[in-house]
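Here is a short walk through a protein model, starting from its charged side chains and working outward to the strands that carry them. Keep the viewer open as you read.

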Amino acid sequence: MKPPLARQQRRIQPGHFQCRTPQQLRRVRIPQASFFDIRQGEKHVHADGRRLRCTAGHRLLVAAGTELDIENHPIGGTYLAESIALPPALLERFRRRNPGLGAGPSRFAIRFRQRYGLNPSTLRQTR
């Protein structure tokens, strides 16, 4: 049995996603800020009239409370992604220690290739 949502939101929550046939998920609400690592296949994300196509090697950050339409497309027979849900307290502590970071025009999502690393000045929304 899972702990109550309030307790879950105090911990980093790992996730594992795998499918062998295409998935279409509508109006998926992301309750906590989440980081997705696309390992194999493609993830297509639709929100606010925009579409992002993330392939293996892309990382995706999604703001808490965002509602998305998501498509997972296997390539070579498998779609595989890992995720972590970030607790609000952890994000607040990061904001206090790093004022000004993360203040950008898009709350929807940011993706970037693995080669760019986590330096906020190199985050990109397109390849």
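In this predicted model, the side chains of Asp 37 and Arg 59 meet in a salt bridge, with N and O 2.9 Å apart. Asp 37 belongs to strand β3 (residues 34-40) and Arg 59 to strand β6 (residues 58-62), so this contact ties together parts that lie 22 residues apart in sequence. Are the two partners buried or exposed? Asp 37 has a relative accessibility of 10% and therefore counts as buried, because the limit for that class is under 20%. Arg 59 is buried as well, at 13% relative accessibility. The pair also has company: salt bridges that share partners join Asp 37, Arg 39 and Arg 59 into one network.

How many salt bridges does the structure hold? The count is four. Another of them joins Glu 67 and Arg 27, whose closest N and O atoms are 3.0 Å apart. Here Glu 67 sits in strand β7 and Arg 27 in strand β2, 40 residues apart, so that distant parts of the chain are linked. Glu 67 is partly exposed, with a relative accessible area of 39%, while Arg 27 is exposed, with 61%.

Glu 42 and Arg 53 form a salt bridge too, with an N to O distance of 2.7 Å. Glu 42 comes from strand β4 and Arg 53 from strand β5, and eleven residues separate them. Glu 42 is buried, with a relative accessible area of 13%, whereas Arg 53 counts as partly exposed at 34%.

The table brings these three salt bridges together.

| Salt bridge | N to O distance | Accessibility, acidic partner | Accessibility, basic partner |
|---|---|---|---|
| Asp 37 and Arg 59 | 2.9 Å | Asp 37, 10% | Arg 59, 13% |
| Glu 67 and Arg 27 | 3.0 Å | Glu 67, 39% | Arg 27, 61% |
| Glu 42 and Arg 53 | 2.7 Å | Glu 42, 13% | Arg 53, 34% |

Now to the strands behind these contacts. In general, strands of a sheet pair through backbone hydrogen bonds, either parallel or antiparallel. Strands β3 and β6, which carry Asp 37 and Arg 59, pair in the antiparallel sense over four bridges. Within that pairing, Ser 34 has Val 62 in β6 as its bridge partner. Strand β3 is also joined to strand β8 (residues 79-85) by six bridges, again running antiparallel. There, Gln 40 stands opposite Leu 80 in β8.

The other two tabulated salt bridges have partners in β7 and β2 and in β4 and β5. In which order do these strands lie? They make up an open sheet of four strands, ordered β2-β7-β4-β5 and paired antiparallel. At its edges are β2 (23-30) and β5 (50-55), each of which pairs on one side only. Neighbouring strands of this sheet are turned by 25 degrees against each other on average, direction ignored. Strand β4 (residues 42-47) meets strand β7 (residues 66-73) over five antiparallel bridges, and Val 45 stands opposite Ile 70 in β7.

There is an aromatic story to follow as well. A search of the whole structure finds one aromatic pair. Phe 17 and Phe 36 form this pair, which is tilted, with 6.1 Å from centre to centre and 40 degrees between the planes. Because Phe 17 lies in strand β1 (residues 13-19) and Phe 36 in strand β3, the pair ties together parts that are 19 residues apart in sequence. Phe 17 is partly exposed, with a relative accessible area of 35%, but Phe 36 counts as buried at 8%.

Which charged residue sits over the ring of Phe 17? It is Lys 43, whose charged end is 5.9 Å from the centre of that ring. Lys 43 also lies over the face of Phe 36, at 5.5 Å from the ring centre.

Finally, step back to the whole chain. The secondary structure comes to two helices and nine strands, and from the N terminus on the elements run α-β-β-β-β-β-β-β-β-α-β. Of the 127 residues, 32% count as buried. Among contacts with a separation of 6 or more, 73% are between residues 24 or more positions apart.

Technical notes
Residues are numbered from 1 along each chain as its sequence is written. This is a predicted model: local features need pLDDT of at least 70, side-chain atom pairs count only at pLDDT 80 or more; totals for chains, interfaces and linings use all residues. Side-chain values use heavy atoms; hydrogens and water are left out. Two strands pair if DSSP finds at least two bridges between them. Axes are lines fitted to C-alpha atoms, for helices over the stretch in contact, and angles run from 0 to 180 degrees between N-to-C directions. Buried means under 20% relative accessible area, exposed over 50%, partly exposed in between (1.4 Å probe, protein chains only). Rings of Phe, Tyr and Trp (its six-membered ring) pair if their centres lie within 6.5 Å; planes under 30 degrees apart count as stacked, over 60 as edge-to-face and the rest as tilted. A charge sits over a ring if NZ of Lys or CZ of Arg is within 6 Å of the ring centre and within 35 degrees of the ring normal. Contact means heavy atoms within 4.5 Å.
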